[in-house]
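Reader: Hi, I have a model open and want to go through it with you. Can you show it first?

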There are 2 protein chains.
Amino acid sequence: MATGRTHRPATRSRGIPEATVARLPLYLRALTALSERSVPTVSSEELAAAAGVNSAKLRKDFSYLGSYGTRGVGYDVEYLVYQISRELGLTQDWPIVMVGIGNLGAALANYGGFASRGFRVAALIDADPAMSGKTVAGMQVQHADDLEKIIDENGVSIGVIATPAGAAQQVCDRLVAAGVTSILNFAPTVLSVPDGVDVRKVDLSIELQILAFHEQRKAGESAIEAAEGAVGVEGPAAKVTKPTANDRKGPDGDVPAVMPA
Amino acid sequence: MATGRTHRPATRSRGIPEATVARLPLYLRALTALSERSVPTVSSEELAAAAGVNSAKLRKDFSYLGSYGTRGVGYDVEYLVYQISRELGLTQDWPIVMVGIGNLGAALANYGGFASRGFRVAALIDADPAMSGKTVAGMQVQHADDLEKIIDENGVSIGVIATPAGAAQQVCDRLVAAGVTSILNFAPTVLSVPDGVDVRKVDLSIELQILAFHEQRKAGESAIEAAEGAVGVEGPAAKVTKPTANDRKGPDGDVPAVMPA
DNA sequence: ACTTGTGAACTATTTCACAGCA
DNA sequence: TGCTGTGAAATAGTTCACAAGT
């Protein structure tokens with residue numbers, strides 16, 4: 001339903017803001033949950049709550065996609081699921097290759113969230129000959145030598161890198177040379193790629209460091225307040241102001257080492 | 001080493017932009033690498049390249065921390081490493097608990113990047129009795145019953161959730177009740193927490209969906225151009241007013257199922 | 001009576017470009 | 001001369017608040 005189609009709301013299809021794109025998967029998840037509960041429609045208010053954003057932002061986001069709601073009523077859940085899926089390109093099948101089947105790679109291979117949207121793991125690849133032939137998440141791990149062939153035969157355009165940092169750029173280069181144009185990088189390295197190739201980076205330790213920053217703020221605040229006798233008193237004494245030392249800050253040995261599953 | 005120290009440049013310590021905070025770990029990583037190669041100083045240009053940003057942004061970012069560079073010369077590597085570490089709160093020790101030792105949890109436990117900055121895994125916790133006592137990453141997995149005791153005894157203020165989506169909110173509530181004020185959430189759920197508690201979310205499938213969006217753009221561009229040769233017209237008949245079936249959209253079974261390491 | 005869709009105001013972030021210092 | 005530090009301009013993103021549909 002929804003009026004949709006004939007009237008082209010001007011906005012459609014022309015550059016959706018990056019910030020909006022990043023939230024579409026969030027909305028999609030919330031909508032999918034509603035869909036499973038057979039909820040027919042949602043208001044921007046309800047959906048926003050379920051997705052953890054405010055309703056003005058959600059409405060603005062949707063306005064970039066088109067006018068898919070009905071005033072006075074809300075949004076048709078099924079219809080919106082479809083529209084967002086389509087916008088994100090999830091109505092098609094995306095074969096992906098995963099390179100580096102260590103601890104993290106194995107976890108990713110088992111990750112249900114990949115398969116549950118348009119993604120399909122076409123191959124698991126590891127450079128370690130000892131890994132070849134091992135079964136991870138129901139698939140045989142293949143050797144890196146076959147990378148190009150696999151990409152070509154499966155029409156892969158998205159690659160996931162979960163190798164140690166040292167190998168990432170090299171793997172990336174091969175992926176790109178073989179035709180991959182989008183890369184999800186879990187290795188703690190800055191990858192350099194030619195124009196036209198997208199890279200997204202997930203860095204586990206960075207997230208923790210950001211939390212530590214805010215955590216320190218909280219602790220510091222009360223310390224200052226306590227020292228100056230100011231307002232907002234809130235003080236679990238447990239907040240050891242000056243913890244132990246911290247010698248280690250050792251080598252950047254991030255990403256899990258390869259280790260058979 | 002570097003002029004620094006005595007002069008306090010006005011800016012210091014007052015609200016550093018969130019976008020800047022998010023990049024500090026990036027700079028820190030690049031600087032650490034330089035430090036290991038015993039490079040004494042870097043220019044904003046060089047460091048920016050190593051961190052994958054542009055130099056104007058980097059200089060602006062650093063200007064929020066203070067004036068730690070030397071005009072005509074650059075930045076003292078060791079000094080900057082220290083200043084950024086301090087700013088991020090990494091000069092102190094942060095004990096963390098990890099809840100949910102499935103595939104992903106095990107990978108995280110083995111992740112070198114945690115230990116290599118101020119973080120220390122104080123405990124691995126899983127609700128599955130079959131996991132208790134098992135050794136993962138050199139630590140005994142403990143049962144969820146002991147959560148509160150562990151948090152209290154170790155002064156933990158940061159928790160990592162790697163449980164299935166269904167258990168996440170419940171785990172979160174217990175963490176918060178026990179005194180945790182920062183949470184890194186790997187479960188594909190929106191967590192609700194009281195004011196004063198920070199949550200950061202890492203969602204593997206969201207990142208892939210964002211890539212798919214851009215990937216589709218690339219492909220679509222040429223396809224549409226080829227098909228319509230014209231300008232603004234966009235008329236994929238596919239605009240099925242009433243979505244097709246769209247079967248799969250299966251259960252939101254994200255996050256890896258628990259499975260012994 | 002209710003809820004969307006959206007200009008307009010506001011806030012945050014990035015980029016420019018150059019004065020100021022080593 | 002070379003490179004930082006930073007106002008000022010440009011751009012991106014968010015929030016407000018209300019007109020317009022249903």
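**A strand residue, then the DNA**

Author: Let's start with Val99(B), which sits in strand β4 (residues 94-99) of chain B. Keep in mind that this is a predicted model.

Reader: Okay. Is Val99(B) buried or exposed?

Author: Val99(B) is buried, because its relative accessibility is 6% and the cut-off for buried is under 20%.

Reader: Which residues does Val99(B) touch, leaving out those up to four places away in sequence?

Author: Its contacts include Ile125(B), Leu147(B), Val160(B) and Ile161(B). Val99(B) also touches Ala162(B), Thr163(B), Val171(B) and Leu175(B).

Reader: How far apart are Val99(B) and Leu147(B)?

Author: In sequence, 48 residues. In space, their C-alpha atoms are 8.9 Å apart.

Reader: New topic: DNA. Which residues come nearest to DNA strand C?

Author: There are 24 residues around DNA strand C. The nearest are Ser44(A), Arg59(A) and Tyr75(A), along with Arg23(B) and Asn54(B). Of the strand C atoms within 4 Å of the protein, 64% are from sugar and phosphate.

Reader: What does Arg71(A) do there, in terms of atoms and distances?

Author: One of its polar side-chain atoms is 3.0 Å from a base oxygen of DNA strand C. Arg71(B) has a polar side-chain atom 3.2 Å from a base nitrogen of DNA strand C. Gly72(A) uses a backbone N or O atom, 3.0 Å from a sugar or linking oxygen of DNA strand C.

Reader: Which elements give two or more residues to that surface?

Author: From chain A, they are α3 (55-65), β2 (69-70) and β3 (74-76). From chain B, they are α1 (18-36) and α3 (55-65).

Reader: And what classes of residue are near strand C?

Author: Five are nonpolar, 10 polar and nine charged.

Reader: Now the other strand. Which residues come nearest to DNA strand D?

Author: Again there are 24 residues around DNA strand D. Arg23(A), Asn54(A), Arg71(A), Ser44(B) and Tyr75(B) come nearest. Sugar or phosphate makes up 63% of the strand D atoms within 4 Å of the protein, and bases make up the rest.

Reader: Where does Tyr75(B) meet strand D?

Author: A polar side-chain atom of Tyr75(B) is 2.9 Å from a phosphate oxygen. Tyr68(B) has a polar backbone atom 3.3 Å from a phosphate oxygen of DNA strand D. On the base side, a backbone N or O atom of Gly72(A) lies 3.4 Å from a base nitrogen of DNA strand D.

Reader: Which elements supply at least two residues near strand D?

Author: In chain A, α1 (18-36) and α3. In chain B, α3, β2 (69-70) and β3 (74-76). By class, the surface near DNA strand D has five nonpolar, 11 polar and eight charged residues.

Reader: Switching again. How many disulfides are there over all chains?

Author: Zero.

Reader: What about Cys172(A), buried or exposed?

Author: Cys172(A) is buried, because its relative accessible area is 0%. Cys172(B) is buried too, also at 0%.

Reader: Last thing. What is the mean pLDDT of chain A?

Author: The mean is 83. In chain A, 79% of residues reach 70 or more. Over residues 1-13 of chain A, though, pLDDT is below 50. Residues 224-261 of chain A stay under 50 as well.

Reader: How many contacts does the model have for 224-261, beyond four places in sequence?

Author: It has 54. Where pLDDT is low, though, the predicted coordinates should not be read in detail.

Terms used
Residues numbered from 1 in each chain as written. Chains lettered and ligands numbered in written order. Predicted model: local features only at pLDDT ≥ 70, side-chain atom pairs only at ≥ 80, totals over all residues. Heavy atoms only, no water. Near = heavy atom within 4 Å. Polar contact = N/O pair within 3.5 Å; in protein donor to acceptor, adjacent residues only side chain to side chain. Helix = DSSP H or I, 4+ residues; strand = E, 2+ residues; numbered from the N terminus. Nonpolar A, V, L, I, M, F, W, Y, C, P; charged D, E, K, R; others polar. Disulfide = S-S within 2.5 Å. Buried < 20%, exposed > 50% of the residue type's maximum accessible area, 1.4 Å probe, protein only. pLDDT = per-residue confidence, 0-100. Contact = heavy atoms within 4.5 Å.
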